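Here are my notes for someone opening this structure for the first time. Keep the viewer beside you and take the points in order.

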Amino acid sequence: MRGKLHGVLGGAVTVLAFSTMALIVGHDTGEFGGMRLGKFGLGDPDARGAASAQASPGEGPVGGWEAYKAALRTYPAEAIPPAVVANARATFEKIAKAGTSEGNNHWQLYAPTSVALQPGVLAFSGATNATASRVTAMVTAPTCSPGSCRLWVGVSGGGVWRTDDALAADPAWTWLNGNLAQNSVGALVADPNDTTGNTLYLGTGEANRCSSGCEAGVGIYKSTNGGDSWTKLRDRCVSNATYACATPGEDSFLGRGISSIVVDPTNPNHLLVGSALGVRGLSHVIGNGGTTRLEPGANSPGLYESTDGGDTFTEVWNGNSSSSFGVTNVGLDPLDPATVYASAFDAGLWRRSPSLDGSASPTDFRQVFAPRFPGGGIDRTMIALTVKNGKTRIYLTEGTANGGGILSPTAAEFWRTDNANQPAATLLASEPAGATELPGNGIPFPATFNTWQRLTSRTTSSPYFATDDFCTGQCWYDSYVYTPHAMPDTVYVIGSYLYGELPCNTKGVGCGNGRSNGRAVLYSTTAGDPDAANNNRTFTDLTYDNQDTPANWCALQGISPCLRAPNSIHPDQHAIVINPSNPTQIFVGSDGGVIRTDGAFANTSSQCTTERTLSAGSTLACQRLLSRIPNQITHISKGIGQTLQFINVAINPGRPCDVQGGTQDNGTWTAANCATSTLPQIIYGDGGNAGFDATEPTWRFNEFTSGFSDSNFRDGEPTKWVITSAPLVNSGEFFSFYWPQAADPNPPAGAHPIFSGGRRPQLRRLPTARRPPGRQPAGRPDRHRVRPRSHRRIDVVAGAQQGGPRDSLGGDVRRPHLRHPQRRRADSRGGPLASSRQSELANAFPELDLPGPGRPGPCVGDLLRLQRSDADDAWSRLQRHRVRHVHEPQRGERHICVPDADERWGPPGLRRRSRRPEGHPLRLH
């Protein structure tokens with residue numbers, strides 16, 4: 001997911017050949033001396049967003065924009081019942097079946113039908129690659145050899161895909177839709193009791209607590225034929241003496257995300273499932289508030305257990321809180337399947353064990369590891385269980401929304417115990433002492449820790465530095481630890497890029513201090529212990545490979561030496577598996593699809609002194625991390641590029657075959673000249689609401705996150721983007737993660753307005769078309785706050801949500817009425833409803849029924865529409881909602897739109913504004 005924030009130095013900035021990101025001067029933390037230029041000095045916006053609106057990432061403030069939109073659709077009920085959703089789907093399918101053979105009434109894949117291609121000039125490493133959407137889960141067949149290597153992947157919103165030869169140069173993928181009711185994938189596992197590997201369990205709904213697509217699910221499916229067909233489990237919830245079902249007999253996981261499914265290797269009917277809250281309903285406008293939309297009657301998130309193969313489930317642990325966001329990880333002790341481990345947001349690690357703790361009931365869970373960074377529901381604990389020397393070993397990672405870098409006390413950590421076979425109280429009590437950093441070069445492999453020990457250091461010269469801050473500011477989203485079966489000393493830790501550590505010697509856009517290759521995927525064969533035979537390394541960095549792919553570009557001319565273009569892994573990781581027949585070969589699933597390594601390694605540590613200028617401590621860290629990198633990384637996402645998660649789609653008004661759209665964490669893409677087979681990326685990072693200029697067919701704009709956007713005056717050429725959002729960003733205005741943004745389809749002569757919906761509506765003017773021939777536009781737009789009763793002609797307006805500065809996220813931006821371009825309408829969804837017409841220059845931006853202090857009023861519903869019989873009449877669907885003044889501890893005073901049963905506000909329905917004398921403000925009553 002996650003957005004790649006680009007810094008802004010002021011106005012429009014053109015940086016050498018690549019201008020979409022201004023360079024930020026970043027101070028290296030730790031031992032690195034001096035200063036280097038790094039584009040990502042401000043960090044990832046997910047970390048920033050988590051700290052901006054509230055102490056958690058999310059989709060929009062509770063009771064805010066998204067909640068109001070949901071209320072519009074649900075009145076007079078509080079939520080849309082699942083039966084209504086099912087009926088809507090049935091109606092859609094009925095209409096689709098009535099379509100013609102030419103495809104009318106049927107949705108058809110438009111692009112990419114073959115491959116989503118990221119050009120190397122836009123990649124961090126400089127290598128061109130095939131891209132897809134967020135892969136959240138992966139499964140490999142028990143055996144994997146050339147010509148017969150089955151690999152299944154679950155895509156966040158794209159369903160389940162399978163290739164029968166993951167080792168092919170260009171694997172062919174099959175979409176295993178079957179009869180699935182939803183394509184949001186949270187978990188995908190194989191039943192260990194089936195040696196063929198064809199029995200699979202699919203948990204719908206993503207539990208990663210993300211703000212851009214973690215859609216809640218509809219329960220669990222099972223396949224016994226490798227995914228060719230699926231059967232929905234009944235998942236019926238049954239209450240017990242400790243936990244009562246919200247809706248007994250209904251699906252335990254409807255409206256939830258599923259983080260883990262565990263099948264007992266001794267009993268295929270014994271299942272354990274971890275669930276969490278999820279987002280029910282998404283839009284193209286994503287904010288930074290709560291991540292949940294409550295399903296009517298949904299059962300609580302937590303750990304559920306079934307002993308009848310999934311026909312019924314009962315909750316056995318609630319994440320240590322009735323308000324828990326949910327469970328993050330579940331595992332069975334490999335020495336004793338009756339011992340169950342589970343972790344939850346802000347709860348650390350817990351265990352139910354009759355043999356070790358005397359657990360007397362299915363709900364008797366006891367804590368074995370306390371959360372290191374609790375608060376806000378974003379501390380995430382992940383585990384991997386294995387056996388070493390006849391005892392259960394636990395690998396554990398801990399992280400939260402750290403915004404302070406590698407020296408921060410909340411930077412992510414890696415822990416281990418080599419003897420989990422002792423009472424829970426003993427393990428828990430050992431944690432404080434284990435937090436003490438091992439001095440010097442630590443304890444060389446093979447070390448033994450009978451209690452908990454932190455194997456992470458914030459000192460670059462320490463061998464344990466490798467895992468410091470491995471998931472940066474978004475551990476609640478992409479954090480995972482994995483140890484392959486029967487390989488107890490092999491462990492992988494995956495997370496997200498440390499952008500400030502990317503090398504600056506490639507032909508791509510990555511440029512940090514070069515201490516590592518980004519540390520997105522870390523690999524150890526010594527259990528995280530220092531390897532005395534290899535410079536005391538613990539983990540090595542698998543993020544870049546040893547190749548130099550053909551590349552005749554230099555994305556950062558004058559800054560990067562542009563020495564090579566290696567293949568690289570996407571910045572945000574979620575899933576990893578090995579080739580069981582070649583255990584040094586891995587498959588990794590990320591926000592950018594699937595990659596595979598060739599299983600061989602190379603030592604590029606010499607670059608740490610010949611190509612990278614580092615301090616002594618950072619040089620030592622670099623040499624260790626680069627001493628074993630993949631020989632070759634191959635992107636194998638061709639064929640599943642159609643899963644790209646588009647936020648919007650825009651059509652060029654001057655060339656209808658020119659279509660572009662922004663995507664989650666994969667930038668903006670375009671299908672030009674009706675070419676739909678290969679969809680090229682034209683700008684990287686997160687992609688929000690992109691668009692075209694109305695009068696210049698070769699002009700377009702993109703959207704990153706949180707108010708950052710660029711413009712392009714060269715028909716989308718990747719190297720010709722110009723920052724145009726600097727005045728907006730520097731204004732201090734608050735913007736959603738993705739915010740409303742639209743171009744004026746009827747601009748005044750010589751003007752090219754773009755409207756952005758922030759806390760208050762913003763007008764942006766692109767550089768004038770009357771520029772000297774052949775010169776690049778300056779790119780510095782005029783930005784104006786759209787104010788009531790302004791004398792400026794307003795072409796498009798954005799609605800702002802009523803409330804405080806951190807809660808007032810922009811609403812939709814709407815175009816003028818195309819039939820009557822002098823008419824302007826906006827939908828504010830709870831804030832001021834604005835309207836203007838060309839002849840009303842004296843009152844160009846009147847507000848309609850804006851509730852004020854002590855005067856709460858109704859919230860405006862859908863966009864005003866002109867009455868066909870009278871161009872002076874306007875209509876609004878007035879909802880039976882009202883603005884309420886509330887106080888919340890974390891947000892303070894604010895106003896929200898809520899359903900109101902008070903009849904004095906009038907029934908919902910259409911309200912008509914009749915003809916009025918010219919020059920009078922337009923108001924609805």
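1. A word on naming before anything else: helices and strands here are DSSP runs, helices of at least four residues and strands of at least two, numbered from the N terminus. With that in hand, P446 is easy to place, in the loop between helix 5 and strand 25. The bond that joins F445 and P446 is a cis peptide bond, with omega about 0°.

2. Now the overall picture. Please keep in mind that this is a predicted model. The protein chain has 8 helices and 57 strands. Of its 925 residues, 62% count as buried. Take the contacts in the chain with a separation of 6 or more: residues 24 or more positions apart account for 63% of them.

3. Helix 5 covers residues 424–434, and A424, L427, S430, E431 and G434 are its buried residues. Why do they lie on the same side of helix 5? Because they cover an arc of only 125° around the axis. As a reminder, an α-helix has 3.6 residues a turn, so residues three or four places apart point the same way. Turn helix 5 around and, on the face away from the buried side, you'll find the exposed residues A425, A429, P432 and A433.

4. What covers the buried residues of helix 5? The cover includes helix 4 (354–357) along with several strands, among them strand 20 (348–352), strand 21 (366–369), strand 24 (413–417) and strand 25 (453–454).

5. Strand 20 is also the place of W350. With a relative accessible area of 11%, W350 is buried, since the cut-off for buried is under 20%. Its side chain reaches the backbone oxygen of A347 at 2.8 Å. Leaving aside neighbours within four places in sequence, the contacts of W350 include W317, N320, Y341, F365 and R366. W317 is worth clicking on: C-alpha to C-alpha, W350 and W317 are 9.4 Å apart in space, with their positions 33 residues apart in sequence.

6. Next, the loop between strand 28 (521–524) and strand 29 (540–541), where D529 is found. Buried or exposed? D529 counts as buried, at 1% relative accessibility. The side chain of D529 makes a polar contact with the side chain of R416, at 2.9 Å. Beyond its neighbours within four places in sequence, D529 is in contact with residues including F445 and P446, the pair with the cis bond from point 1.

7. A527 is found in the loop between strand 28 and strand 29 too. A527 has a positive phi of about 60° although it is not a glycine, and it counts as buried at 0% relative accessibility. C674 also has a positive phi, near 65°, and is not a glycine either. C674 is in the loop between strand 38 (667–671) and strand 39 (678–683), and is partly exposed, with a relative accessible area of 44%.

8. One more cis bond to check: the peptide bond from A111 to P112, with omega near -5°. P112 sits in the loop between helix 3 (82–97) and strand 3 (115–118).

9. Last, the empty space inside. The structure holds 7 cavities of 30 Å³ or more, and the largest cavity has a volume of about 190 Å³. Of the 20 residues that line the largest cavity, Q118, F124, H570, P571 and N666 are the closest to its centre. The lining divides into 7 nonpolar, 11 polar and 2 charged residues. Strand 4 (residues 129–131) gives the most to this lining, with 3 residues.

Technical notes
Residues numbered from 1 in each chain as written. Predicted model: local features only at pLDDT ≥ 70, side-chain atom pairs only at ≥ 80, totals over all residues. Heavy atoms only, no water. Buried < 20%, exposed > 50% of the residue type's maximum accessible area, 1.4 Å probe, protein only. Arc of directions from axis to C-beta. Contact = heavy atoms within 4.5 Å. Polar contact = N/O pair within 3.5 Å; in protein donor to acceptor, adjacent residues only side chain to side chain. 1 Å grid on protein atoms, 1.4 Å probe; cavity = no way out; pocket = protein on both sides within 12 Å on 5 of 7 lines; lining within 4 Å. Points joined across faces, edges and corners; volume = space filled by probe spheres on them. Nonpolar A, V, L, I, M, F, W, Y, C, P; charged D, E, K, R; others polar.
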